[in-house]
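Here is a short report for a reader new to this structure. Look over the sequence and the model, then read on.

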Amino acid sequence: MGFFDSLKKAVSGNTATENTINLIAPISGEIVAIEDVPDVVFAEKIVGDGIAIRPTGNKMVAPCDGTIGKIFETNHAFSLESDTGIELFVHFGIDTVELKGKGFTRIAEEGQKVKMGDTIIEFDLAFLTEKAKSILTPIVISNMDEIKELQKMSGTVVVGIDPVLKIVK
């Protein structure tokens, strides 16, 4: 067990840390309920459960250690499989695919191993706020059938630092 595992155990008071996974904020901003996203696919949890963030920053990062699955051609969304087997999906805004990649810059590549906090996509928030239907950014777990418990955080979060979801497998 490493130093950070010990620290997590001490902070959480949970002795079963091997089954508890924290996902950190892939984007800075304010956490919003997934049900409030103006898109039925996310609001009704068709692709999975999670939260959304009203962004304030300029980059999307890996919320945990893992491997990038897919980065959409338009660079507005990515999927990641965590080293602990969680499949997640981060999708910037609603109908942002219609912008055909404008406002987004890909930093990472599909199939790349990433560490928690590694930048995957950078974006121009001012441009996207003006052009997108919504900038609410859903973060969802797509393999919910393997999750025993999902705790959703609230409030304002800083990219790469603050936890947004606590998962028990």
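Residues 24 or more positions apart make up 70% of the protein chain's contacts with a separation of 6 or more. The model is predicted. Its protein chain holds three helices and 14 strands.

Some overall values for the chain follow.

| Property of the protein chain | Value |
|---|---|
| Residues counted as buried | 44% of 169 residues |
| Exposed area | about 8,300 Å² |
| Share of exposed area from carbon and sulfur atoms | 51% |

**An open sheet**

Three strands build an open sheet, with antiparallel pairing. Their order is β4-β10-β8. The edges are β4 (59-61) and β8 (104-106). Each of these two has a single partner strand, so one side of each lacks a neighbour in the sheet. On average, neighbouring strands here are turned by 20° against each other, direction ignored.

Now the pairing of β8 with β10. Strand β10 covers residues 119-123, and three bridges join β8 to it. The two run antiparallel. R106 stands opposite I121 in β10.

**A loop residue**

A132 lies in the loop between α3 (125-131) and β11 (137-141). Is A132 buried or exposed? Its relative accessible area is 12%, under the 20% cut-off, so A132 counts as buried.

What does A132 touch, leaving aside its neighbours within four places in sequence? A132 is in contact with I94 and T96. G93 can be added to the picture: its C-alpha atom is separated from that of A132 by 6.9 Å. Along the chain, A132 and G93 are 39 residues apart.

Note on methods: Residues are numbered from 1 along each chain as its sequence is written. This is a predicted model: local features need pLDDT of at least 70, side-chain atom pairs count only at pLDDT 80 or more; totals for chains, interfaces and linings use all residues. Side-chain values use heavy atoms; hydrogens and water are left out. Two strands pair if DSSP finds at least two bridges between them. Helices (H or I, at least four residues) and strands (E, at least two) are DSSP runs, numbered from the N terminus. Axes are lines fitted to C-alpha atoms, for helices over the stretch in contact, and angles run from 0 to 180 degrees between N-to-C directions. Buried means under 20% relative accessible area, exposed over 50%, partly exposed in between (1.4 Å probe, protein chains only). Contact means heavy atoms within 4.5 Å. Accessible areas come from the Shrake-Rupley method with a 1.4 Å probe; for residues, only the protein chains shown count as cover.
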